[in-house]
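Here are a few exercises to try with the model open beside you. Have a go at each before reading the solution.

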Amino acid sequence: MQYRVEFLVQGALAIFWAAWSLVPLLVVYANRPGVAGWTFEEALVVMGWFTVVKGFLEGAVSPSLTSVVEHIRQGTLDFLLLKPADAQFLVSTAKFEPWRVVDVGAGIAMFAVAFRRMGRWPSGGEVAAALLLLAGAILILYALWILVISAAFYVVKIDNLSYLFLSIFDAGRWPVSVFRGPLRLVFTFVVPLALMTTYPALALLGRLDAFRGAEALAFALVFAAAARAVWVRSIARYTSASS
């Protein structure tokens, strides 16, 4: 934020890309009332959650963890490992992109437009359930990124893997019911995009029962624990610059 012009330019670009991301949605719904059981307004709620989660990914998760790859490659991770704090916590909080808060604001604006067009507003319980699932979504997203970064302890370069993950994550802008067959299974259990965007949207729309919501939160906790176990095992393989 010390570089004010860059901060403002990046914020303006974030607004532009948030608006541009609506173009495919507008094209798909231009001549049809619904797709896979989702109206335009309901799909816009999913898009809003995708935008919010993407803001967390590119503002709080990706900037810090991406730099870990260079530390591992150069053998300079020692500077973090020697500090009297958990290494995973330190590498996860090294850098933030505060202008990405614009994405969060854009997602909230999409919610407002969608519910205004529907002629109703979510109840307090629906908002609380959606926020709980948002926390689970961020936890899953963070765990997935930890798994991607952990691969750097085994291979020299993982740039293509991180780009692949970001490309797959873009599918989260669509409700999971749009996908059929194996793709729906992959986006629900392997790369759980459904739990990151569709489930919070269903909760905000009042269409997600308590049992499915509890299952999603339990899955997020298990997934995060598995990622932690992989991180601990991977960091044991680290060979520092002084070794």
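What follows is three exercises, each with a worked solution.

This is a predicted model, where local features need pLDDT of at least 70, side-chain atom pairs count only at pLDDT 80 or more, and totals for chains, interfaces and linings use all residues. Residues are numbered from 1 along each chain as its sequence is written, and side-chain values use heavy atoms, with hydrogens and water left out.

**Exercise 1.** Work out which residues of H6 are buried.

Start with the helix: H6 (residues 101-118) has 18 residues. Now pick out the buried ones (under 20% relative accessible area, 1.4 Å probe, protein chains only): Asp103, Ala106, Gly107, Met110, Phe111, Ala114 and Phe115. Look down the axis of H6: these residues fall within an arc of 165 degrees (taken from the directions from the helix axis to the C-beta atoms), so they line one face of the helix. Their cover includes helix H1 (4-20), helix H3 (40-74) and H10. Flip to the other side of H6, and Val101 and Arg116 are exposed, meaning over 50%.

**Exercise 2.** Find what comes just after H6.

Step past the helix to Gly119, which takes a positive phi of about 80 degrees.

**Exercise 3.** Place Val127 and list its contacts beyond four places in sequence.

First, Val127 sits in helix H7 (residues 124-150). Next, its relative accessible area is 33%, so it's partly exposed, the class between buried and exposed. Then check contacts (heavy atoms within 4.5 Å): leaving aside neighbours within four places in sequence, Val127 touches Pro122 and Leu204. Finally, Leu205 is 78 residues from Val127 in sequence but 9.0 Å away in space, C-alpha to C-alpha.

Methods:
Helix = DSSP H or I, 4+ residues; strand = E, 2+ residues; numbered from the N terminus. Expected span 1.5 Å × (residues − 1).
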